[in-house]
Amino acid sequence: MKKTITIILALFCYSCQKKQEKVEIDVPLSVAEKTVSLKNSVLKEMHSENSFQIESAKIFLDNLKFQKSLNGERYKLWSRLINEHSNKTDSLLMEIGIRKNNFSPDVESYDILAVKKENIVSNLLLTYKTYQKSKWQNEISLDTYCQYLLPYKIGKEPFVPECRNYLLNQFLKEKGDSIYSANLVSAAKQVHKWLYSKKYKFKILGNEEQANIPEMSADILDKLNFGTCHQLTVEGVSYMRALGIPASIDFAPTYLNINAGHEWGVSDFRFDALSSF
């Protein structure tokens, strides 16, 4: 019988509402055409003969056409205020509270119509370089790499090209690269312990609708000290992926005895069963 290794990595055990989203399969012709063009251009730019690297890049590029982002006044305001009031939770809450209900609807757009070839190439190369450094690289299948390590964002937050590199450097400048000499489970524990020390003062506001925080990239969430389980999970999973640890998000529509949902990070450590972390 295979052993299933489970690591509990919930920064905070708190319920919050999980929104249901419809997955769209069809894409406009302009998006499909841009996908083909970008794929050919990126693969030519990579100059690689490594079959794993090229095959994973092809899978990533084929699926890029389905990725969308939400942007608008709310995202721009939150981004600006979080940067201006970093580590000043009370002043940020006050500024947001004044404006939180005065936004026009978010605008949804396809990532591929805005991303640049060089940004995609740099993210693909950085992900593979980090993967190669890890002691656990031989435990990661192509499928796991493509699903739980390679994606450049979690949900519908706008693509920030430097996000993965930012997260990687944030950890390495404090903890160094000895993590890559550890096994996969030990590495995940180290990242969790470090994340908890960063976020132990995080203030839970309730569910997502009450908090009214837009989908944001993890480099911005890294400076946010309040929110819901969603913001904590996005940041945690993004850090794991940036460091070469496969990770994703799971959720429950209702949680314990509270009439609300909850979400948390998961990692496929043995790649035959999904384990929570």
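## Helix H8, end to end

Let's start with helix H8, which covers residues 184–199. This is a predicted model, and a quick check on the helix works out nicely. At 1.5 Å a residue, the 16 residues of H8 should span 22 Å, and its end C-alpha atoms are indeed 22 Å apart, so the two values agree.

Which residues of H8 are buried? They are Leu184, Val185, Ala187, Ala188, Val191, His192, Trp194, Leu195 and Lys199. As for the spacing, an α-helix has 3.6 residues a turn, so residues three or four places apart point the same way. The cover over the buried residues of H8 includes H7, H11 and helix H10 (218–221).

## Where H7 crosses H11

Two of those covering helices, H7 and H11, also meet each other. The axis of H7 (residues 163–175) comes within 9 Å of the axis of H11 (residues 229–242), and the two cross at roughly 85 degrees. Angles of 65 to 115 degrees count as roughly perpendicular, so that is how H7 sits relative to H11.

Who does the touching? On the H7 side you'll find Arg164, Leu167, Leu168 and Gln170, and they meet Ser238, Tyr239, Arg241 and Ala242 in H11. Sorted by class, this contact has four nonpolar residues, two polar ones and two charged ones.

## Tyr75 and its company

Now over to helix H3 (residues 73–84), home of Tyr75. Is Tyr75 buried or exposed? It is buried, with a relative accessible area of 10%.

Setting aside neighbours within four places in sequence, Tyr75 is in contact with Pro158, Val160, Pro214, Glu215, Met216, Ser217 and Ile220. Asp106 is worth a look too: it is 31 residues from Tyr75 along the chain, yet their C-alpha atoms are separated by 8.1 Å.

## An odd angle at His47

Most residues other than glycine have a negative phi. His47 goes the other way: it is not a glycine, but its phi is positive, at about 50 degrees.

Where is His47? Look in the loop between helix H1 (29–46) and helix H2 (51–63). His47 is exposed there, with a relative accessible area of 68%.

## Cysteines without bridges

How many disulfides does a search of the whole structure find? The count is zero. As for individual cysteines, Cys146 is buried with a relative accessible area of 14%, and Cys163 is buried as well, at 7%.

Notes. Residues numbered from 1 in each chain as written. Predicted model: local features only at pLDDT ≥ 70, side-chain atom pairs only at ≥ 80, totals over all residues. Heavy atoms only, no water. Axes fitted to C-alpha atoms, helices over the stretch in contact; angles between N-to-C directions. Helix = DSSP H or I, 4+ residues; strand = E, 2+ residues; numbered from the N terminus. Parallel < 35°, antiparallel > 145°, perpendicular 65-115°, else oblique. Contact = heavy atoms within 4.5 Å. Nonpolar A, V, L, I, M, F, W, Y, C, P; charged D, E, K, R; others polar. Disulfide = S-S within 2.5 Å. Buried < 20%, exposed > 50% of the residue type's maximum accessible area, 1.4 Å probe, protein only. Expected span 1.5 Å × (residues − 1).
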